[in-house]
Amino acid sequence: FLKMSEHTVECTVKRPVALQMGDVKTDMSRPGIFVIDVTFPQGQTVNIQEISFKNYYTAFLTVRLQRQDPESPENALKWITGLKDCCLMPNPHTERGSQDYFSIYRQQMLIEPDDVTSVRLILRQPSSSWLTFTLEEIKIFECVNEDSKNNFPSWFSNLSPVDQSPDLQEGIPDPKKVSSSIQQMWALTEVMQTNQTAARIGRFDVDGCYEINLLSYT
């Protein structure tokens, strides 16, 4: 898969923690939610460019970002949702997407992922078909400069920009001419139908009277 930056952030990926309703010891049902915390060295903040990972049977992913709240008096840390319920498996009950590589870019985030002190990945799998689910090979890439914040993956360049989109009007006839032609065809059809009706009646009509010899009896 494509990389936007080769500057991998030094981080610690903690073990997944299951979120389960009820008593964990007595409840034998499998947990449907796991949480993975990714922390950076103490005192370090990161402007995130990309989060990459390999999926392992996780159906949906939510990304929470911890960063300093500039509105608080002491710049207290605050958790903010960066991405909500990103679909990794189109159908949680089938294999598709279950072991694919994924990259989440800053342009997909609900907020700008800057000055982040910690990342929380919330994994969800509603299907009971799989014994376990997680994310593997988690890596975080940082913005190296201001320009990189506005960069997109290289495959975005293959898409036609709006201002260079092909002229859809080229080769399409003038609507007024089409309308006029349709009206003429409609009028011609009406005349033909009238003439056909008159012709059918005229077979038996001679000077306003019926010719007895032209009538057939059944």
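Biologist: How many helices and strands does the secondary structure of the chain come to?
Modeller: This is a predicted model, so take what follows as computed from its atoms. From the N terminus on, the elements run β-β-β-β-β-β-β-β-β-α-β-β. The tally is one helix and 11 strands.

Biologist: What pLDDT does the chain average?
Modeller: Let's start with the weak spots. Residues 1–5 stay under 50, though the model has 24 contacts for them beyond four places in sequence. Residues 154–170 are also below 50, and that stretch has two contacts beyond near neighbours in sequence. Along the chain, 59% of the residues score at least 70, and the average is 76.

Biologist: Among contacts between residues at least 6 apart in sequence, what share joins residues at least 24 apart?
Modeller: One example of a far-reaching pair is Phe40 and Val119, which are 79 residues apart along the chain, with C-alpha atoms separated by 8.7 Å. Counting contacts between residues at least 6 apart, the share that joins residues at least 24 apart is 77%.

Biologist: Which residues touch the most other members of the largest nonpolar core?
Modeller: In soluble globular proteins, nonpolar side chains tend to be buried together. Here the largest such core has 30 residues, and β3 (33–39), β4 (48–56), β5 (60–68), β6 (77–87), β8 (116–124) and β9 (134–142) each supply at least two of them. The ones touching the most other members are Leu61, Val63, Val119, Leu121 and Leu135.

Biologist: Which residues does Val63 touch, not counting those up to four places away in sequence?
Modeller: Val63 is one of the core residues that touch the most other members. Leaving out everything up to four places away in sequence, the list for Val63 is Ile51, Ile80, Thr81, Gly82, Leu83, Ile104, Met109, Val119, Arg120 and Leu121.

Biologist: Phe40 sits in a loop between β3 and β4; is Phe40 buried or exposed?
Modeller: Look at who surrounds Phe40 first. Leaving aside neighbours within four places in sequence, Phe40 is in contact with Val9, Glu10, Cys11, Val46, Val116, Thr117, Ser118, Val119 and Ile140. Its relative accessible area is 9%, under the 20% cut-off, so Phe40 counts as buried.

Biologist: Which side chain makes a polar contact with the side chain of Ser103?
Modeller: Ser103 is in strand β7 (residues 101–105). With a relative accessible area of 17%, Ser103 is buried. At 2.9 Å, the polar partner of its side chain is the side chain of Glu50.

Biologist: What is the phi of Tyr57, about?
Modeller: Most residues other than glycine have a negative phi, and most peptide bonds are trans. Tyr57 goes the other way, in the loop between β4 and β5. It is buried, at 10% relative accessibility. Although Tyr57 is not a glycine, its phi is positive, about 65°.

Biologist: And what is the phi of Asp115 near?
Modeller: Asp115 is in the loop between β7 and β8. At 45% relative accessibility, Asp115 counts as partly exposed. Its phi is also positive in a residue other than glycine, near 55°.

Biologist: Which residue forms a salt bridge with Arg120?
Modeller: Side chains of opposite charge can pair when their charged atoms come close. The closest N and O atoms of the Arg120 pair are 2.7 Å apart, and the pair links strand β8 to strand β3, 83 residues apart. Arg120 is partly exposed at 27%, whereas its partner is buried at 17% relative accessibility. That partner is Asp37.

Biologist: How far apart are the closest N and O atoms of Arg124 and Asp85?
Modeller: Arg124 in strand β8 and Asp85 in strand β6 are 39 residues apart. Arg124 counts as partly exposed at 30%, and Asp85 counts as partly exposed at 36%. They form a salt bridge, with the closest N and O atoms apart by 3.4 Å.

Biologist: Are Arg106 and Asp114 buried or exposed?
Modeller: The structure holds three salt bridges, and Arg106 with Asp114 is one of them, the closest N and O atoms being 3.1 Å apart. Both residues are buried.

Biologist: What percentage of the accessible surface belongs to carbon and sulfur atoms?
Modeller: Of the 218 residues in the chain, 29% are buried. The accessible surface comes to about 15,300 Å². The part of this surface belonging to carbon and sulfur atoms is 53%.

Note on methods. Residues numbered from 1 in each chain as written. Predicted model: local features only at pLDDT ≥ 70, side-chain atom pairs only at ≥ 80, totals over all residues. Heavy atoms only, no water. Core = buried A, V, L, I, M, F, W, Y, C linked by side-chain atoms within 4.5 Å. Buried < 20%, exposed > 50% of the residue type's maximum accessible area, 1.4 Å probe, protein only. Helix = DSSP H or I, 4+ residues; strand = E, 2+ residues; numbered from the N terminus. Contact = heavy atoms within 4.5 Å. pLDDT = per-residue confidence, 0-100. Polar contact = N/O pair within 3.5 Å; in protein donor to acceptor, adjacent residues only side chain to side chain. Salt bridge = Lys/Arg side-chain N within 4 Å of Asp/Glu carboxyl O. Areas by Shrake-Rupley, 256 points an atom, 1.4 Å probe, with all protein chains shown as cover.
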